Amino acid sequence: MPSSRPRRVAVLVLDGVKPLDVGIPAQVFTTRASMPYEVRVCGAAPGPVAGGDGLSYHVAHGLEALAWADLVFVPGYRFPDRDDPPRAVVDALVAAHGRGARLAAISTGAFALAATGLLDGRRATTHWHYTRVLAARYPLVEVDQNVLFVDEGSLLTSAGAASGIDLCLHILRDELGVAASNHAARRLVAAPYRSGGQAQYVPRSVPEPLGERFAATREWALHRLGEPLTLEALARHAAVSPRTFSRRFVEDTGYTPMQWVMRARVDMARELLERSQRSVERIAADVGLGSGANLRLHFQRILGTTPSEYRRTFAKRG
């Protein structure tokens, strides 16, 4: 993250835009002292934009905001299968990407990215209701209907509105580190992380009390990462059998319980590397991974880097 100026974020409002899809990136990346971002909401031209679900918008910026931005969000909009976005919008997205901006679509915003041709030969997702339509309309795009979001580096797509939160937190984690992402998640009262590979929806419903109990168990575990955490201990806290706990936990988070615990431990290690000068050995012990060698092993497997290199890279961002 360059320290010389805030990172510039444009939220592109197209006709029929969905209100939650606009609000999520605008709020997550909101311009504030604690967040090194500057947000501009724009449209194909300044002025009124007809939205979906009974709302309309008046935007101050036109497509020049895409030439200004480092990160461009394309919220979902109604009837994406009818017409492509205006040619000027498509050209502005291509130009923004060409000069290095990241493009991130929420829900049916993926159709606008697909119209640019930039998603050809790449994985992408959209709201489950439209995945088959997206695949039929843009056959060169590798559409994955079973995930919350897809990160292809400079091109990111997500499923329905709620998964836009997951995508935004994922981007924050990548750009600012896990501490900033966790802070934003707490502010939003959202899960700190869910797997991008989690299924978009579960065909059968999960009883609400069980879901609440599992959320409490995850919170309980997050405060005990330095202690031994077994499947049996987690299931015992949730008051269900280990088999039921494992099955339902995957549906709820996209991870097995032990994968989730390991991810939580690595993320806590990341936060300690970002915020403290503790040694790798000390951090490994504090997060329940025992030794520095064990922390390095899982860091490399999950993040593709070492704790020391992560600390150096994060320090450079500041």
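Visitor: In strand β10 (residues 155-158), what are L155, L156, T157 and S158 called, buried or exposed, and which way does each point?
Guide: L155 and T157 point one way, L156 and S158 point the other way, and all are buried. Buried means under 20% relative accessible area, exposed over 50%, and partly exposed in between (1.4 Å probe, protein chains only). β10 is a strand by DSSP: strands are E runs of at least two residues, helices are H or I runs of at least four, and both are numbered from the N terminus.

Visitor: What is the basis of these values?
Guide: This is a predicted model, in which local features need pLDDT of at least 70 and side-chain atom pairs count only at pLDDT 80 or more, whereas totals for chains, interfaces and linings use all residues. Residues are numbered from 1 along each chain as its sequence is written, and side-chain values use heavy atoms, with hydrogens and water left out.

Visitor: What makes β9 and β10 a pair, and in which sense, parallel or antiparallel?
Guide: Two strands pair if DSSP finds at least two bridges between them. Strand β9 (residues 149-151) and β10 have three bridges, in the antiparallel sense; D151 has L156 as its bridge partner in β10. Strand β6 (residues 102-105) also pairs with β10 over three bridges, but in the parallel sense, and the bridge partner of A104 in β10 is L156.

Visitor: Why are β2 and β9 said to stand at the edges?
Guide: The open sheet of six strands runs β2-β1-β5-β6-β10-β9, with mixed pairing. β2 (37-42) and β9 each have a single partner strand, so one side of each is left without a neighbour in the sheet.

Visitor: Why are α9 and α10 called roughly parallel, antiparallel, perpendicular or oblique?
Guide: Helix α9 (residues 231-238) and helix α10 (residues 242-253) pack at about 90 degrees, with their axes 9 Å apart. Axes are lines fitted to C-alpha atoms, for helices over the stretch in contact, and angles run from 0 to 180 degrees between N-to-C directions. Under 35 degrees counts as roughly parallel, over 145 as roughly antiparallel, 65 to 115 as roughly perpendicular and the rest as oblique. The two helices are therefore roughly perpendicular to each other.

Visitor: What makes up the largest nonpolar core?
Guide: Such a core is a set of buried Ala, Val, Leu, Ile, Met, Phe, Trp, Tyr and Cys residues joined through side-chain atoms within 4.5 Å. The largest has 34 residues, and L12, L66, V72, V74, L93 and L103 have the most contacts inside it. Helix α4 (110-115) gives the most to this core, with six residues.
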